[in-house]
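The following exercises concern a single protein chain. Each task is followed by a solution that proceeds step by step.

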Amino acid sequence: MPVFRLLGALEVRGPGGALVPVGRRKQRALLGMLLLRGGSVVRIDELLDGLWNGRPPSSARANLHSYVSSLRQALADVPPGSGVRPVKTAGGYRFDLAAGESDIGVFAELAAEGRRALDAGRPAQAAERLGQALGLWRGALLEDLPGFDWFQPHATRLHESRLAALEDHVEARLGLGEHAALAGELAGLSAEHPLRERLWGQYLRALQRCGERGRALDAYEQLSRVLRAEGRGPGAALRELHREILGERGAATSGPGERSDRARPALLPAAVADFTGRQEEARRIYRLLAPNGPSVGLRVAGITGMAGIGKTTLAVHVAHGITAGYPDGQLYANLAGTDPEPVAPADVLGRFLRALGVPGPAVPVDAGERAELYRTLLSGRRVLVVLDNAAGERQVRPLLPGSPTCAVLLTSRARLSGLEGVRWTDLDVLPAADGVRLLERIVDDARIGRSPADAAVIVQRCGGLPLAVRIAGARLTARPAWTLAHLAGLLRDEQLRLDHLRSGDLQVRASLALSYEGLSGSGQRLLRLLGSFDVPDFPDWLAEVLGGDGPAVAGRDLDELVDAHLVNAVGADQAGQARYRFHDLVRLFARELAREQEAPAVLDAALDRGFGAWLAVAEHFEPRLPGPCFAPIAGRAPRPDVRRIVGSLAAVAPLSWFDAEQAALRAVIGQACAGGRDEVAFDLVQRMEKYFDVRGMYAEWEAAGQAARAACAEAGNRRGEAVMLRGLIDVDTWITTDHTTEAMTRALGAAARLEGMFRAAGEPGGMADAGVMRSWSLTAMGRHAEAVATATEALGWAEDADHLGGQARAHVALAVALGESGRLPAAVEHLYQALACARKLGNPRWEATALQFLGMGHSEAGNFDASEEFLTESLAISRRHRDAYTEALTMNAMARLQLRRGDADADVAAEAALAVAREYRMAHHEAEALEILGEVELGRGRVAEAAGYLRQSVAMWRTRGWLRFLAGALILLGRALGTLDPAAAGTALREAHELALRVGDTAKAQAAARMLADLHIDM
């Protein structure tokens, strides 16, 4: 498998094929640009134009540095793992690719090999190579990155290459005699690409060789009309082929096995006129059932999927498309596999024998003899057998022909794994665009075109299930006065949605009920309980928790639900857990059954067990996550025994487990809040706070915390409310878009309230956390003595509570307060103590934090080499865990160190910090990065550019309320404005002088005073 996959959505595959996350949209686009020009330098200006469509903002270069840095970090463990990628070169970046690393390169190589084999007269080898090449395409080039104009020329070029390879593949298959299968495929391809004459020529030849002379001539006339509309006619090769077909006398023979004295059954039901989508699935089945391809046995293709997914519709569509390849007849039977009594194989054989010309009295009574006569009659004949809605292997086996000249197409809700040699195609829901097209073809009036957004909502509320979309379309057709918005509104109510998805004899509920009734009793119960959870997907162990009968029984019942397509298996997640999901309508169906058949107390207990299990496993992993080391204050929600579950996850990294479960956990929090389960809600949010922080998911943290806080407040749970307020204060203080008041002033009042809440709850660990918050705010306001006293008190509370994380936090708070008041040696000593606590705790975030503050402290003291060592180690930890917050602060500290050393590249680190800070709303780090960039520009003599950065920095520091930083930025702004606008410079310097005196920073006050004197401006 190629490592870098661009032929479809962008994917990067790591060791073992695991999906490697490569960041957000712009970062992914950057990787796509570099990969498309693999091995060549892409200039920075071109990258900026491409990423911002010719309109890069002023921060674009800083953002680009950040994207490159994050890409290198994300790709560090991607094979071959040697060297940094992308590589910085003069003026740009280059991404070196080894052979076979990119699916584009593999595609080109395979397509070229196939072309050479075709030219050399080796169609089998050509078909194999070209089929492999085309199989690399999962969709349009970088289809998950629309809106970047830079990609368009590459998309056009590669699309043309794909079509050329497709035409070569068709040519190879024609050489292998796959005419019948290709006739069906090429009908769709020629319609999809109406101006590709080579495809049309191949279509005509396939029809000709199947004996379909009339259809071939009709197709040529259709092509002629299309080309005339374009102002031209068919080319010479097509005209010659047309003359050849016209010159034939009689239709082409149908091949071996055709005898005029035999009955030719034609039992296929009518194809659906509004068939939509499923092109790839249809092509796969056409290839499997091609009558002239190489085969050593009977061709059997199977279609499986949930109720209403369109198995029969697809089977009948494909069957009609390949009738030319099976001229001796087509047999069809609905085996009623979901009925209480499926059709007996003997009855089907009797009907098939009569259709094959056996008189009624001559049909054997014995089932075995019927099967023998059936196989005898089909021997050597080309007959297609369609077995629809099969119940199981025992029903199907007697109906299989014995001759390899025949083919079988069967459908079943369960994958009949006991049948040998069946190639299965699993149907999923329709993509949104195909669902809307199906709705449009059913309704067939202007309403869809007038209201495409409402049409998309209807399809979404139908879950993309073809049966549901068909019913919705039938209801709209029957009610011309209805608007699409009206039907979309009816489908909004989940409890009534299944009631509205019925029309005539079509019902989603009834179709699902047939699958449900085929389950065992324990399988039915598991479905009802699983349907109670509002999660996008769930791990396999949830079935064990709900069933209570051990992993073996739970696994068996879950497999039964998957086999019945009532639950979908979605593969292994980042933690190696098997994951499953419901179709939305199946979930609603399961809930209906649960309400009807389970007591409310049973459903409540199931939710308690499931929520409690997620919480218990999260508690197991959370202590080893990097992130804020708040005091853990456990809620009182019940937890089931999860020792076996966590034992099975012993080798899983905590971040990997949270990556796998974060969407489910957030959904559980929402459901718990809505259902009055405040204890589990606040506790789960608490267990996710580190994860939210290290992954930069601050909006999600804030939303979950606010919801859980409201649930606790409504329940009178002051303890849980305090735990949620603690995290929300942290987000509001450091990650905020609220610039209406000073962040540190807000934090001081909120932290004081929080300390009181924890005191009332008897939680000294929580009091320590709140005290540290108060100390930071007091330091920011220049109240250093109070800050030291508060942090010292918090340290005592943390020690009383044996709260090691609180001790680390308190030592850092003390260091900051002492450092700002000029006591640098004492500050550094507390930082070493903080580092020892963080390492003992095993929290990488706080280890990196202590290291970065040690780096800053040594930088202030002039110990530049020691500073660089600490900062480098901190940065490595941050990047190892993709911790954007500490990375940004360390990059700023590194930039300040480079400034002090006179390093000309200090702006590179500051720009990278600025990009990260802006992406994650880190106002403090953004203000500092802007200040550093302004100082860099001052050093270069570019005062206008410096003033631009510094004005932004000053404005941002005002919203922070950190007076010493504001004074420093104002002094730099005064320097920049000294020659540009002396009056404005004086205003800035006077304010800086006042602030510096207020916070006791005599060095800054003296600097401001000297600059005012130099400008001859009074204090």
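**Exercise 1: The order of the strands**

In this predicted model, five strands build an open sheet with parallel pairing, in the order S7-S8-S9-S6-S10. Determine which strands stand at the edges, and why one side of each has no neighbour in the sheet.

Solution. Step one is to look at the ends of the order, where S7 and S10 (422-426) are found at the edges. Step two is to count partners: each of these two has a single partner strand, so one side of each is left without a neighbour in the sheet. Step three is to consider the twist, which averages 15 degrees from one strand to the next.

**Exercise 2: The pairing of the strands**

State how many bridges join S7 to S8, S8 to S9, and S6 to S9.

Solution. Begin with S7 (residues 330-334), which runs parallel to S8 and is joined to S8 by five bridges. Within this pair, Leu331 stands opposite Val385 of S8. Next, S8 and S9 (residues 407-412) also run parallel, with four bridges between them; here Leu384 stands opposite Ala407 in S9. Finally, six bridges link S6 (residues 299-304) with S9 in the parallel sense, and Gly302 has Leu410 in S9 as its bridge partner. As background, strands of a sheet pair through backbone hydrogen bonds, either parallel or antiparallel.

**Exercise 3: The cover of S8**

Decide whether the faces of S8 are covered or uncovered.

Solution. A residue is taken as buried when its relative accessible area is under 20%. By this cut-off, five of the five residues of S8 (residues 384-388) are buried. Now separate the two sides: Leu384, Val386 and Asp388 lie on one, Val385 and Leu387 on the other, and all are buried. Both faces of S8 are therefore covered.

**Exercise 4: A helix on the sheet**

Identify the strands that helix H13 touches.

Solution. Helix H13 (residues 345-355) packs on the sheet and touches S7 and S8. The direction of H13 makes about 155 degrees with that of S7.

**Exercise 5: The whole chain**

Describe the chain in which this sheet lies, giving its helices and strands, its box and its buried share.

Solution. First, the protein chain holds 46 helices and 15 strands. Second, its C-alpha atoms fill a box of roughly 115 × 70 × 55 Å along the principal axes. Third, of its 1019 residues, 56% are buried. Lastly, among contacts between residues at least 6 apart in sequence, 70% join residues at least 24 apart.

Key: Residues numbered from 1 in each chain as written. Predicted model: local features only at pLDDT ≥ 70, side-chain atom pairs only at ≥ 80, totals over all residues. Heavy atoms only, no water. Buried < 20%, exposed > 50% of the residue type's maximum accessible area, 1.4 Å probe, protein only. Contact = heavy atoms within 4.5 Å. Pairing = 2+ DSSP bridges. Axes fitted to C-alpha atoms, helices over the stretch in contact; angles between N-to-C directions.
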